[in-house]
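This briefing is meant for a reader who is meeting the structure for the first time. It begins with a term that the later points rely on and then moves from the whole chain to particular groups of residues.

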Amino acid sequence: MQKRRMSTEMEFDANEEKLKTLCISSLDEEEDDEAQVDETDDPDLYNDEDDDDEEQVPVTLGFVEKPKNTWSLLRHYFPSKAGGTPAWLDPINLPSEKSSLCDFCGEPLQFLLQVYAPLTEESTFHRTLFVFMCPSMACLLHDQHEQWKRHPEKPCRSVKVFRCQLPRTNSFYSSNAPSEDGTEQHLTAGATLCNWCGTWKGDKVCSSCRKARYCSGKHQAAHWRSGHRLGCTQLHTSLELSESGSHLHAASNSLWPQYVITNEDECEFEHEMSDSEYSNALVSGNRVDESVKSLMNDFAGDDDKRSWASFQEIISRAPEQVLRYCRSAKAKALWPVHSGRPSRSDIPACNYCGGTRVFEFQVLPQLLYYFGVQNDVDSLDWATIVVYTCEASCKGDEGYKEEFAWVQLASQSAP
């Protein structure tokens, strides 16, 4: 089946949703008695015992593929993409330097993916969610402990999500649909970005050549060690980073490879899997692959085993999916592991309006395969990254509002 780009070929009708309403399939799970909350006052947000009787709402699945052309990933084409560098929606008012850093090691965060997900309101005519994370597994393990701290005074995270939204009429883009031949131009130049990572604002300048720009002293040192010191005094303009956000301009060779995110409705896969695909899936009907059985044996209790088997069975319908999206009142994440799920009180209110945050999408570990991450002991790994956003998608003066991500590891259990 031909996969479609995720809401990038936009029909500029203010009354039409750009991203189809999606939903996460529910699991037959028991109440999480390890979430350390008072169930009488704060019932588990993911108590899905009766989900089989609830109406199922559709899910949109995200897949990655190499872009057919590079211009389609430029910011004025409103892409959904993974890896490389972000296509900032607001190209000027980027997140602050503090927000751009891992709160554990202090290194600038690396771009994971972005999802173009506009809503029907005029203020959200353009709307993109950006996910960044530290590539260090050690930091992600620290993150696991920190995310269980309810409403900490100073949250410490290695995974951060930013929301940016613009009305149809704005200073950055035309109110008309972009041309589909690569000739579209943005209306405003963006901030100068870091020559090393091509991601964050380059507020620091090389004291020697006065041309190379950096987001941090660590990236300046990395660029210097990689060879900038040899050509610093003879730096040509071709070495300067274009604000377009193309990863080809970044000097770092540690960025994850760049893909476009395409999308399909999950219902399209429910009856399409051929016999050969079905037999190669991780779970086929009641047959569980031996590798899954071995992993399940490491889990504590039947709840984790049942949750994992259900997760694998649902994922096997489209094994290459890397993202599951749904912004619906009934939407719930598809949890690989029963233990280690958040309760309602574990999801903080919006930092800006104080409103409720709701599930919007989750990132699956299949993305690591496409990024070429090795399956080593210390390699980056997760079971799922679940993103919660302000239910009202509130407006404000900030160019980028920080949202909340809950990370679950495969062998995780609640503290």
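A residue is called buried when its relative accessible area is under 20%, exposed when that area is over 50%, and partly exposed in between. With a relative accessible area of 22%, R327 is therefore partly exposed. The model described here is a predicted one, and the points below are grouped by topic.

**The chain as a whole**

- The protein contains 6 helices and 15 strands, and 53% of its 415 residues count as buried.
- Among the contacts between residues at least 6 apart in sequence, 76% join residues that are at least 24 apart.
- About 18700 Å² of the protein is exposed, and carbon and sulfur atoms supply 46% of that area.

**Helix α5**

- Helix α5 covers residues 302-315, and its 14 residues should span 20 Å at 1.5 Å a residue, which agrees with the 20 Å that separates its end C-alpha atoms.
- The buried residues in α5 are D304, S307, W308, S310, F311, Q312, I314 and I315.

**Aromatic pairs and a cluster**

- How many aromatic pairs does a search of the whole structure find? The search returns 23 aromatic pairs.
- One of them joins F130 and Y400 in an edge-to-face arrangement, with 5.7 Å from centre to centre and 70° between the planes.
- This pair links distant parts of the chain, since F130 belongs to strand β5 (residues 126-133) while Y400 lies in the loop between β14 (384-390) and β15 (401-408), 270 residues apart.
- F130 is buried, with a relative accessible area of 0%, and Y400 also counts as buried, at 7% relative accessibility.
- F132 and F162 form another pair, which is edge-to-face because the ring planes are at 70°, with the ring centres 5.9 Å apart.
- Here again distant parts of the chain are linked, with F132 in strand β5 and F162 in strand β6 (residues 159-166), 30 residues apart.
- Are F132 and F162 buried or exposed? F132 counts as buried at 0% relative accessibility, and F162 is buried with a relative accessible area of 2%.
- The residues of both pairs belong to one aromatic cluster, which is formed by W88, F111, F130, F132, F162, W200 and Y400.

**Lysines over aromatic rings**

- K66 lies over the face of Y259, at 4.3 Å from the ring centre.
- K401 lies over the face of Y352, in this case at 5.7 Å from the ring centre.

**Salt bridges**

- Side chains of opposite charge can pair when their charged atoms come close.
- A search of the whole structure finds 14 salt bridges, among them one in which the side chains of E107 and K218 meet at 3.8 Å, N to O.
- E107 is in the loop between β3 (81-82) and β4 (110-116), whereas K218 is in helix α2 (residues 217-231), so this salt bridge ties together parts that are 111 residues apart in sequence.
- Both partners are partly exposed, E107 at 33% relative accessibility and K218 with a relative accessible area of 39%.
- A salt bridge also forms between E360 and R327, whose closest N and O atoms are 3.2 Å apart.
- The pair links distant parts of the chain, for E360 sits in strand β13 (residues 357-363) and R327 in the loop between β12 (323-325) and β13, 33 residues apart.
- E360 is buried, with a relative accessible area of 0%, whereas its partner R327 is partly exposed at 22%.
- Which residues meet in a salt bridge at 2.7 Å, N to O? The side chains of E403 and R357 do so.
- E403 lies in strand β15 and R357 in strand β13, so the pair ties together parts of the chain that are 46 residues apart in sequence.
- E403 is buried, with a relative accessible area of 5%, and R357 counts as buried at 6% relative accessibility.
- Salt bridges that share partners join R127, R327 and E360 into one network.

Terms used:
Residues are numbered from 1 along each chain as its sequence is written. This is a predicted model: local features need pLDDT of at least 70, side-chain atom pairs count only at pLDDT 80 or more; totals for chains, interfaces and linings use all residues. Side-chain values use heavy atoms; hydrogens and water are left out. Rings of Phe, Tyr and Trp (its six-membered ring) pair if their centres lie within 6.5 Å; planes under 30 degrees apart count as stacked, over 60 as edge-to-face and the rest as tilted. Helices (H or I, at least four residues) and strands (E, at least two) are DSSP runs, numbered from the N terminus. Buried means under 20% relative accessible area, exposed over 50%, partly exposed in between (1.4 Å probe, protein chains only). A charge sits over a ring if NZ of Lys or CZ of Arg is within 6 Å of the ring centre and within 35 degrees of the ring normal. The expected span of a helix is 1.5 Å times one less than its number of residues. Contact means heavy atoms within 4.5 Å. Accessible areas come from the Shrake-Rupley method with a 1.4 Å probe; for residues, only the protein chains shown count as cover. A salt bridge is a side-chain nitrogen of Lys or Arg within 4 Å of a carboxyl oxygen of Asp or Glu.
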